[in-house]
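The following exercises concern a ligand site and the packing of nonpolar residues. Each task is followed by a worked solution.

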Amino acid sequence: MNEHLNTIVSAIVICLASFAVTAYAAPPAAAPDRDGIDGRWSDRTKLTGQAEAPDGGPLLWYRGPAGVWEEALPIGNGRLGAMVFGGVADERLQLNEDTLWDGYKRDPSNPDSLKALPEIRRLLFEGKNREAVDLAGRTMMGKPSGVLAYQSLGELLIECPGIPEASNYRRTLDLRTGVATVSYQFGGASFSREIFASAPAGVIVARFTCDQPKRLDLRMTLKRQRDATCTADAADPHAIVLKGRIQRQDDQKRERGLRFAAKVLAVADGGKVSNTGGVLTVSGANSVTLLIDGATDYRGGDPVKLCSEHLNRAAKQSFKSILAAHVEDYRSLFGRVSLDLGSAGPDAEKLPTNERLARIRQGNADPGLEATYFQFGRYLLMSSSRPGQMPANLQGLWAWQMNPPWNADYHLNINLQMNYWLAEPCNLSECQLPLFDLMDGLVKPGERTAKVQYGARGWVAHHLTDAWGFTAPADGPWGIWPVGGAWLALHPYEHYLFTGDKDFLAKRAWPLMKGAARFMLDFLVEAPAGTPVAGKLVTNPSHSPENSFILPNGQRHVFTYGATMDLMIVHELLKNCIEASKILNTDAAFRTECEKALARLAPVRISPATGRIMEWIEDYKEAEPQHRHTSHMFGLHPGTMITTATPDLLAAARKVLEGRGDGGTGWSLAWKINFWARLHDGDHAHILLMNLLKDKTLPNLFDNHPPFQIDGNFGATAAIAEMLLQSHVRAGDSWELNLLAALPKAWLAGKVTGLRARGGFTVDIAWKDGQLTEARITSKAGGPVRVRSAGRKAEFKTTAGQVLVLDGELKAK
Ligand code: FUC
């Protein structure tokens, strides 16, 4: 059977070009993986007839199975994920488990760094960037200077033989329930599948049904590109098990790779179930429920046993009750926010998702699809980042390769942070908790790297990390960026600002913030005489992710000191620490240190030549004026340094953005939408959102860097929220809620419910003809609030639990 499936896969791959199952152009297929599993897929069944559009929404739907991975539909329960291809005769569920990382725990800190540091700093201050980068390259890079990959768990390949053709095929992902479906008719019978990843049950469930008895025949196997074999479960004729170990040895040639397993258990109504070798066969059943699990020994335990426990527990429940518990759990998160941005009309609303995307590419408006894209971003976060699990990586949870792009790791110079921008405003606060767990795991190794490489206290992380707590510089000179931890440390404080959870602030946020700031206080150095900011504190070494500049002598460099982004991040972190220590009434001496350092921090500068905020400490020539990173806009977003209270910086920020242009990678566009939202220019923000949908969005609505990278989905979802509601500006002791802060003309009328704001407010906003008609503000903790909208401003006092209902003129109703 394994061989049989192999032959089918290769044959289908070869004739893919002539095999017209999908009526739309597929994106370029990913490169074939070396062992015959790649991103492409095809299904033997000939499709006829056109299915009706599914009712309601938000949902994604298609008239054909996925021809490439980027057309398949993601499901996930935070830990386990699958990409559902939806083939009729050849179904493929590509599986992921969020701890399946190559590598192992080790200390990459480079002890040569500390001795070289004073010299590297001197060289950078003297403008000898080449000599500095040479020395740093020899002494500062981690050992090893890189991380290994997050990997696919494997594939569940399911043959449904004897279905040469099918009519009225439809494939959906229903965002109201978190269930993927496949339905079609053949031989007078209607077949359907419901596939979902249940958080309460902890397993993936694939239910196959038919409206006629004994018509379901399935043959399936589990397969992985490497390091694993699939066998029958000796103890259970209804199950097969894929078992393996990542082949990874340490320097002493000891095996260090993770052990992993995947298991499928078939529960059939009628018919027969048997397992032979690695093949599980169901024949003549009325309905079949496949329960699927994966596990590793990342947190200990035997992966096969872990799978069996989960599956046996799930098998005790009926399909109906597993589904009901899943939907209830799913809705308790997803249902918190609704969004209506208007509609392109009933005909457009009924089109399959890929055809709606194609219409947008042709220049048509489709606010309904924009709202679906927003809700899909929320769906992706709650499916890839649940309390107790790993945080969303560069691909969230979903990766089919053994070596996905950039290892699907955690990049800390924009990407991981962007993944979490939506968590608080889009009412998925608890989905951010895995980020804080990851940060807790960085403290010990980060303290060691801080001490060994910089002679500093506190904890440091550079431009990336992995599941093993990697904190040293990686990849190249752009990896020598000791500010990654400081940026991360802004997130727990934001969590506090949105939730008002003082206990969290004291126990979880404060130690993380304090440790990151402690490192910065030790790492900052005074710029010497002869530099443009002599006497002020700067970072050194540093760089502006991942941009380069040209020195007057023509040399191109990334390596420098005092990059503007560093100063903005340090500013934000010290400010937060000062605030938090006052709220908690703790660490007064440390607070004084933060205050002193903040007062001496080098200022953000505006170029007299261009009127733009300078990206570096000197007004260097930009090597790539439209570079994807726009790091020196950090103070505009996600930072809070640049607001209408700083008009000069605000004007200089706008100039930077005009220069950077309206293009970029997926995540770069997503960030720019947030910038334009903070500039209160909704129409410009909307142009970029449309550019993202036109050029950087795959058929399954995944963001396309290219290739697929999930940060763009998350960043753009946050940006849509930011266009509708902003709450980063202080109003005395409270916050200013800016309603419809960057409403574009394209969203003439609409309604959003359930957005969250700093200060613990939940906000519903309705508007018509581009004007606010009603706002409902629920105050969780009570206290004052300032509300602003389109030039109007009003102050209110609230009590805990109070719902403030305002009319279009901000008058309480
Ligand atoms: C940063 C970006 C790249 C990519 C990578 C994962 O290095 O500059 O564009 O997103 O992260």
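Ala, Val, Leu, Ile, Met, Phe, Trp, Tyr, Cys and Pro count as nonpolar, Asp, Glu, Lys and Arg as charged, and the others, Gly among them, as polar. The model is predicted: local features need pLDDT of at least 70, side-chain atom pairs count only at pLDDT 80 or more, and totals for chains, interfaces and linings use all residues. Residues are numbered from 1 along each chain as its sequence is written, and side-chain values use heavy atoms, with hydrogens and water left out.

**Exercise 1.** Describe the shell around the ligand by class.

*Solution.* Step one: list the residues near the ligand (a heavy atom within 4 Å). They are Leu394, Trp406, His411, Asn413, Asn415, Glu546, Arg628, His629, Trp667, His705 and Gln709. Step two: sort them, which gives three nonpolar, six polar and two charged residues.

**Exercise 2.** Which distances separate ligand oxygen atoms from the side chains of arginine 628, histidine 705 and glutamine 709?

*Solution.* Apply the limit for a polar contact (a pair of N or O atoms within 3.5 Å). For arginine 628 the distance is 2.8 Å, for histidine 705 it is 2.6 Å, and for glutamine 709 it is 2.9 Å.

**Exercise 3.** Identify the residues that touch the most other members of the largest nonpolar core.

*Solution.* A nonpolar core joins buried (under 20% relative accessible area, 1.4 Å probe, protein chains only) Ala, Val, Leu, Ile, Met, Phe, Trp, Tyr and Cys residues through side-chain atoms within 4.5 Å. Among its 235 residues, the answer is Ile75, Leu156, Met220, Leu290, Trp487, Ile613 and Leu739. A second, separate core has 14 residues, including Val205 and Leu311.

Key. Polar contact = N/O pair within 3.5 Å; in protein donor to acceptor, adjacent residues only side chain to side chain. Buried < 20%, exposed > 50% of the residue type's maximum accessible area, 1.4 Å probe, protein only.
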